[in-house]
Amino acid sequence: MAEAVEALAAAGADGKVLAGGQSLIPLMNMRLAAPGQLVDINHVAGLGEITAEAGGVRVGALARHAEVEASETAFAAQPLVRRALRLVAHPAVRNRGTTVGSIVHADPAAEMPAVLALLGGSVRARGPEGERDIPAAEFFTGPMESSLRTGELAVSAFFPAAEGGTAIVEVARRHGDYAMAGVAALVGPDHARVACLSVGAVPVVVDVTEAEGDWARAARIVRERIEPEADIHATADYRRHLTGVLAERALKEAADA
Amino acid sequence: MHEVTLIVNGVPRQARVPARRLLSDFLRHDLGLTGTHVGCEHGVCGACTVLLDGQPVRACLTFAVSVTGQEVTTVEGLAKDGELSPVQRAFAECHGLQCGFCTPGFLTTVTAFLRENPAPADDEAIEAVAGNLCRCTGYQNIVKSVHRAAELMAEEGP
Ligand SMILES: Cc1cc2nc3c(=O)[nH]c(=O)nc-3n(C[C@H](O)[C@H](O)[C@H](O)COP(=O)(O)OP(=O)(O)OC[C@H]3O[C@@H](n4cnc5c(N)ncnc54)[C@H](O)[C@@H]3O)c2cc1C
Ligand code: FES
Ligand code: FES
C-alpha cells in the first residue's frame, strides 16, 4: 500500500487510482477522461477487507460491490448497505466495481454516496502526509467531486450502524440503471432524516424530525429543500414530485423496519 | 508494454500488450478469440461478458494487465470435448438467439447464474439476464432458454 501511495503522490495531478474501473474505464473508452497515469490498486494487499468495528462496518477500498452485498458482517452491522447495493447496476458490474470507488466517484445519482451521507459515515484517506478520516458531510463537494486531495488514496469507508430503521427506494428507467430519483431514509426514536439522489450536486440530506412521524408532511419538507435539474430522463418538476413520493415511502418503510 | 498471462479456458495464454489494452481487445486481437463480442464498450450491453475466476464481468471495462494470472472463461470455453454445453443447447433449442451478436454474453452470464441458482423462478431468470441487451429476440425465448438449460442441467447432473 505504501508503494501505491508513493506512486500516486509522484504522479500528482496527472495520476488517478484505478479500482474496479466500472466508472473510470467507460469514461476513458468514451474519451471523456484521459489520465496520464493510472495507479492500479487491484493487486494491493490488505485493501479488500470488510470488518465489524465498534458502531458499524468498515469496507476496504478493494471490496467489490458484490462482496459487500454478500457480506454477513456488513449486513449485521448495517442492513441498508446490502439493500442499497442491490440497486447498483447489474451483477456483472458489481462483481468488479468497488463500493469505495463508487463513493470516491461521487456521482450524485449513485446509491452508496447517499447511504454514506444518510448514516453520517466517513472515508479514510491515506496520502504523503499520513492518514485522515473525512466525514461524509465534508467528503462530497460537487458532482463527481470530493475533498480527497491530489495524491490521496481512499483506503476504506465506514458505515455506522445508526439507531433506528432504514430503507431505500428509487425509480429508474430500466432495471440496473442510475435512478431518476431515489431516497434513503433513517427513522430512529427521536430523529428522522433522508438522503436524496439525483436531485443536487451531492447527495442531499434532509432532517425531517420536525414532521413527527407525519410522512406526508416530511415529503413536503423534502420537496422544498431540493433543487433538482432537468435532463433527458425527467423534468425538474417531475423529479421534485417523485422525490417527495419516494421520501414518504422510504420513511414509512424505515419506521416500520 | 506489459507481459500478461491469463488462463483462458484452461490454457495459459500470454501476450505483450500496452497497459491500456482492454480484456475484450486482448481476447479478440491478441489471442484471436473473437467469440467475445464488443457492443458498447461502456458496460451497458453485456455482449463482452466473460467469466473471471468463474464470475461474470465486463471484458470491455477491465484492463488485461489488471487481471494477469487470473482465470478467464469465454464463450469458446463453454463446450466440452466438442459437445455444446447445456446452456448453449438450450439457446439453440428454444431459439434464444437470432443474429447472435448478444449471445456470447448471455451464455456466459447464464452459465454462472445457473451454477448459483440451478432452479430459478421466472422473475429470477428475467433478472439474471436484465444486464444483457438483445436487439432481436424480444427476450421471451431467452428466458425460456434459461429455464430449459436448468432442466437439461438437472437431467444430466454435474
Ligand atoms: C452499466 C453500468 C451501470 C451502473 N449503474 C450504477 C448505478 O445504478 N448506481 C451506482 O451507484 N453506480 C453504477 N455504476 C457505477 C459502479 O457502481 C462503479 O463500480 C462505481 O461507480 C465506481 O467504482 P469502481 O471501483 O469501478 O471505480 P473506478 O471506475 O476504478 O474509479 C472511479 C473513480 O474513483 C477513483 N477512485 C476509485 N477508487 C479510489 C480509491 N480507493 N482512492 C482514490 N480514488 C479512487 C478513480 O480514480 C476514478 O476517478 C454503473 C456502472 C456501469 C458500467
Ligand atoms: S461491450 Fe462491454 S458491455 Fe457492451
Ligand atoms: S440475437 Fe441479435 S442481438 Fe440478440
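Is B:C134 buried or exposed? In this predicted model, B:C134 is buried, because its relative accessible area is 8% and the cut-off for burial is under 20%. A:C196 is also buried, with a relative accessible area of 1%. Across all chains, the disulfide count is zero.

The ligand site was examined next. Ligand 1 is surrounded by 34 residues. A:V17, A:Q22, A:S23, A:L24 and A:T98 are the closest. The surrounding residues come from chains A and B, so the site is shared between chains. By class, the shell holds 18 nonpolar residues, 13 polar residues and three charged residues.

Several polar approaches to ligand 1 were found. A:S23 places a polar side-chain atom 2.6 Å from an oxygen atom of the ligand. For A:K16, a polar side-chain atom lies 3.1 Å from a ligand oxygen. A:D177 contributes through its backbone: an N or O atom there lies 3.4 Å from an oxygen atom of ligand 1. The ligand exposes 960 Å² when taken alone, and the protein buries 94% of that area. Three elements of chain A give two or more residues to the shell. These are strand 1 (15-18), helix 7 (99-105) and strand 9 (153-160). Helix 7 of chain A gives the most, with four residues.

A:Q22 is one of the closest residues to ligand 1. Its position is in a loop of chain A, between strand 1 and helix 2 (24-29). A:Q22 has a relative accessible area of 13%. This value is under 20%, so A:Q22 counts as buried.

The side chain of A:Q22 has polar partners in both chains. Within chain A, the side chain reaches the backbone oxygen of A:G20 at 3.0 Å. Towards chain B, a polar side-chain atom of A:Q22 lies 3.1 Å from the backbone oxygen of B:L61. Leaving aside residues up to four places away in sequence, A:Q22 touches A:V93, A:R96 and A:G97 in chain A, and B:R58 and B:L61 in chain B. B:L61 therefore appears both as a contact of A:Q22 and, through its backbone oxygen, as a polar partner within the 3.5 Å limit. A:Q22 thus combines a place beside ligand 1 with contacts to chain B.

Terms used
Residues are numbered from 1 along each chain as its sequence is written. Chains are lettered from A and ligands numbered from 1 in the order in which they are written. This is a predicted model: local features need pLDDT of at least 70, side-chain atom pairs count only at pLDDT 80 or more; totals for chains, interfaces and linings use all residues. Side-chain values use heavy atoms; hydrogens and water are left out. A residue is near a molecule or strand if one of its heavy atoms lies within 4 Å of it. A polar contact is a pair of N or O atoms within 3.5 Å; within protein, one must be able to donate a hydrogen and the other to accept it, and residues adjacent in sequence count only if both atoms are side-chain atoms. Accessible areas come from the Shrake-Rupley method with a 1.4 Å probe; for residues, only the protein chains shown count as cover. Ala, Val, Leu, Ile, Met, Phe, Trp, Tyr, Cys and Pro count as nonpolar, Asp, Glu, Lys and Arg as charged, and the others, Gly among them, as polar. A disulfide is a pair of cysteine sulfur atoms within 2.5 Å. Buried means under 20% relative accessible area, exposed over 50%, partly exposed in between (1.4 Å probe, protein chains only). Contact means heavy atoms within 4.5 Å.
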